[in-house]
Each structure stands twice: as structure tokens, then as C-alpha cells.
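Trainee: Could we go through some of the labels people put on a structure like this one? I'd like to see what backs each of them up.
Mentor: Sure, let's pull it up.
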Amino acid sequence: MRNLLITLCLPLGFGCSHILNGMNTGANEASVRSDNQTAQSTNYQRRVAEPVSNDNLFQSKLVLQNSRAKSTPPMRKNINHYVRGIMQDMVENLQYVNAKTPLAVSSFVFLDDDYSDSSLLGNQIAESFMHELHNFGIPVVDFKTTDYMRVTPEGDFVLSRDYLELNQNQNFKYVLAGTLVSSQGGVLVNARVIGLQSKAVVGTAQGFIPQSVVDALNSNYRTDGIMLKQASK
């Protein structure tokens, strides 16, 4: 009888031992998985940059952008920009002038000055209008062009302001002329297209050129921002 009881208890002991060992093994594996997940989470968190370093990087880029912006000089508009705007206004009301009517451009003169004396500003405005007229498809006659090339030690020239060197018969019926008025902060420009025979005004426009743009011409008649006029002879 005693031997029978011992025989029955032995399998129960082995089974309990096996169950306990399995529970311990499962607990150990769960603990290992938990430790691995914690380590992975820790490693992942370590790979994330700190906000302070991002702020420093952003601020360094911002400072670099600001320094680049400060080092780049702003683009300044010149006289050609303002003449282009005046020309666009004139085209809206221009009459009788087309691709078959050649046109000449005269120097702009100051309204309160002698009409036979122009300036660098007036001549440059005329040159700009010649370019704009040509862009709009209006034929422009440069009456200052001679019939020959004058070769000198100082250079080769085909333009002249001596009327004796120019052709007296010019093929244009309209002329673009204008006056200038010194105003506060700049110069007012009054431009018009006139018929030579009828003296009729067939197109007008007005504009304003800031004083800073006028001063950028470095005129010989201007010193330290003060306009110097030549004394009458």
C-alpha cells in the first residue's frame, strides 16, 4: 500500500515542478522583453535632438539670412524706369502718329530757364524716350547723325551737335518735346508730341522723377545736391 502511494505521488511532483519551471521561464522571458523594449525606447529617445539644439540651429540660420539680406544692396530705379511709365501714359492718348509717321525727339528744358540751354537730365530723358518710342513701334529719326564718320585721335564719331554738319532736310513731321520743373523731392516732367507744321499737340503725358534718381546722374551742373546754372554770357 505504501509503495502504491509513493508511485502515485511521483508523477504529481514532476508535473508541479514542470509547471513551476514553465512559469519561471515565462516570467523571465517577459522580463527580458520588457527590458528590451525599455532599452529600445531609451535608445530611440536618445536619437531625438533636444529642442535647445534646434532653436540654436534655427537662430543661426536666421542670423545668416539677415546678414545676407543686409549685405545685398537694394535695387535702385533709374530715369529709364520713370520715362517708361510716362511713355505708357502718352500712348493712351497719342493721335496721328503711327508706324508710317517718323518722329524726332528734342532735349527737355527747364520751364523757368532758357529754352536754348538744356542739361544732362534733359538730354538723358530725350535719349530714354527715343528707346521707348522705338519699342512701341514708332519710327524715330536721329537728326544728330551726320552723313559721314569723323575719325579723330580722341575717337570715331558719327553724331554731332553742330548744325552745319547735319543734313538740313530731315524726314519727320512730328517731334516729342518737353519741359522740366524742379519740385519738392524731385523733378516734374511734362512731355508732348507736336506736329511741326500744324503746331498741334497730338499726345501728352506727365510724370515725376525723384531727386535721388536725378542726383544719380552725377551732373556737372550739380554739386553737393545744389543745382548750379551757368551764368549768362
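Trainee: Leaving aside its neighbours within four places in sequence, which residues is Glu132 in contact with?
Mentor: Keep in mind that this is a predicted model. Here Glu132 has contacts with Asn80, Val83, Arg84 and Met87. Glu132 itself belongs to helix 4, residues 120–135.

Trainee: Why is Glu132 called buried?
Mentor: Buried means under 20% relative accessible area. Glu132 has 4%, so the label applies.

Trainee: And what makes strand 6 largely enclosed by the rest of the structure?
Mentor: Count residues by that cut-off: in strand 6, residues 186–195, eight of the 10 are buried, so the strand is largely enclosed.

Trainee: How do you know that strand 5 and strand 6 pair?
Mentor: Pairing takes at least two bridges. Strand 5, residues 174–183, shares 10 bridges with strand 6 in the antiparallel sense, so they qualify. One of the bridge partners in strand 6 is Val187, which goes with Ser182. The two strands form a hairpin with two residues between them, where Gly185 takes a positive phi near 90°.

Trainee: What makes strand 6 and strand 7 a pair?
Mentor: The same test of at least two bridges. Nine bridges join strand 6 to strand 7, residues 201–210, so they pair too, and they run antiparallel. Asn190, for instance, stands opposite Gln206 in strand 7.

Trainee: How many residues lie between strand 6 and strand 7 in their hairpin?
Mentor: Five, and Lys199 in that turn has a positive phi of about 60°.

Note on methods: Residues numbered from 1 in each chain as written. Predicted model: local features only at pLDDT ≥ 70, side-chain atom pairs only at ≥ 80, totals over all residues. Heavy atoms only, no water. Helix = DSSP H or I, 4+ residues; strand = E, 2+ residues; numbered from the N terminus. Buried < 20%, exposed > 50% of the residue type's maximum accessible area, 1.4 Å probe, protein only. Contact = heavy atoms within 4.5 Å.
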